[in-house]
Amino acid sequence: MCGAGTLAVLAVAELAGEDAAEGPQASGAGAAGWLPAGEKSRSAGLTQPLPGGRWLYMNGSGMERVLSRTSTTETVKQEASGALYEFTFEGDGTYLLRWRHVSNFMTYNTSSTDERGTWTLDGTTLTLTPESQQARYTNSGLGQDKEDVDLTPRRYRVVDIELETITTAGVEYRTFPGIELEGPVPAWDISSGSLSLDLQRLR
């Protein structure tokens with residue numbers, strides 16, 4: 001069975017198109033492709049500039065179901081669920097937020113939203129003011145499109161964190177800087193509660 005990082009990449013490859021095929025790299029990771037990482041430490045402030053970069057968060061989980069079995073063969077179906085948040089902060093104060101979610105636990109569901117707007121940063125408070133949202137939800141082949149679900153400004157706390165990833169079969173450890181983003185879940189997201197994202201910067 002695939003690990004969580006692999007499942008998240010599968011979700012991205014299916015829903016993100018060209019960007020996944022490009023093989024984005026985590027800044028400082030030094031390896032081809034995005035590397036799932038966990039938080040190692042955090043600070044109380046933010047020292048990294050947000051403009052001019054793409055910031056990515058992925059997660060995923062999965063299970064396997066045995067569909068049929070004989071004395072010599074076994075047919076197994078892998079079912080996966082994965083999510084992606086990708087932020088692009090431009091120097092002119094605009095941003096693009098891409099959200100993708102895929103699940104094929106029993107039924108096949110996909111969801112996606114592209115949100116554009118303006119951003120401001122005051123210390124450790126990041127304010128996103130949406131100007132447009134294009135959302136699509138699909139459940140077992142039936143789709144629904146929504147626009148501008150919620151254009152209310154959202155405020156997030158952002159601080160420096162150090163991320164750690166394990167590579168080469170668990171032998172080599174690598175660390176690199178990231179940011180933690182905490183705040184409200186957008187209205188178009190199918191999740192509940194609040195967001196807490198460990199974002200890696202892409203080259």
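Are Phe 87 and Phe 89 buried or exposed? Phe 87 is buried, and Phe 89 is buried too. What we have here is a predicted model, so please keep that in mind throughout.

I will stay with these two residues for a moment. The ring centres of Phe 87 and Phe 89 are 5.7 Å apart, and the ring planes meet at 10°. The pair counts as stacked because planes under 30 degrees apart are given that label.

These two rings have company. One aromatic cluster takes in Tyr 85, Phe 87, Phe 89, Trp 99, Trp 119 and Trp 188. In the whole model, the count of aromatic pairs is five. One of them is Tyr 85 with Trp 188, a tilted pair with 6.4 Å from centre to centre and 35° between the planes. That pair links distant parts of the chain. Tyr 85 sits in strand 3, Trp 188 sits in the loop between strand 9 and strand 10, and 103 residues separate them. Both Tyr 85 and Trp 188 are buried.

Next, charges. Side chains of opposite charge can pair when their charged atoms come close. How many salt bridges does the model have? The count is six.

Take Glu 86 and Arg 54. Their closest N and O atoms are 2.9 Å apart, and the two form a salt bridge. Glu 86 belongs to strand 3 and Arg 54 to strand 2, 32 residues apart, so to speak of distant parts of the chain is fair. Both residues are buried.

A second salt bridge joins Glu 115 to Arg 154, with the closest N and O atoms at 2.8 Å. Here too the pair links distant parts of the chain: Glu 115 is in strand 5, Arg 154 is in strand 8, and they are 39 residues apart. Glu 115 has a relative accessible area of 0%, so it is buried. Arg 154, at 7%, also counts as buried, because the cut-off is under 20%.

A third salt bridge is formed by Arg 136 and Asp 145, whose closest N and O atoms are 2.7 Å apart. Arg 136 is partly exposed at 37% relative accessible area. Asp 145 is exposed, because its value of 55% is over 50%. Salt bridges with shared partners also join Arg 54, Glu 86 and Arg 98 into one network.

Asp 145 brings us to strand 7, residues 142-147. How many of the six residues in strand 7 are buried? The count is zero, so to call this strand hardly covered is in order. Strand 7 is joined to strand 6 by six bridges, and the two run antiparallel. Within that pairing, Tyr 137 has Gln 144 as its bridge partner.

Strand 6 also holds Gln 133. Gln 133 is buried, with a relative accessible area of 1%. Where does the side chain of Gln 133 reach? It reaches the backbone nitrogen of Val 149, at 2.8 Å. Setting aside neighbours within four places in sequence, Gln 133 is in contact with a list of residues that includes Glu 115, Arg 154 and Trp 188. We have met those names already: Glu 115 and Arg 154 form a salt bridge, and Trp 188 is part of the aromatic cluster. The contacts of Gln 133 also include Lys 146 and Glu 147.

That is where I will stop.

How values were computed. Residues are numbered from 1 along each chain as its sequence is written. This is a predicted model: local features need pLDDT of at least 70, side-chain atom pairs count only at pLDDT 80 or more; totals for chains, interfaces and linings use all residues. Side-chain values use heavy atoms; hydrogens and water are left out. Buried means under 20% relative accessible area, exposed over 50%, partly exposed in between (1.4 Å probe, protein chains only). Helices (H or I, at least four residues) and strands (E, at least two) are DSSP runs, numbered from the N terminus. Two strands pair if DSSP finds at least two bridges between them. A salt bridge is a side-chain nitrogen of Lys or Arg within 4 Å of a carboxyl oxygen of Asp or Glu. A polar contact is a pair of N or O atoms within 3.5 Å; within protein, one must be able to donate a hydrogen and the other to accept it, and residues adjacent in sequence count only if both atoms are side-chain atoms. Contact means heavy atoms within 4.5 Å. Rings of Phe, Tyr and Trp (its six-membered ring) pair if their centres lie within 6.5 Å; planes under 30 degrees apart count as stacked, over 60 as edge-to-face and the rest as tilted.
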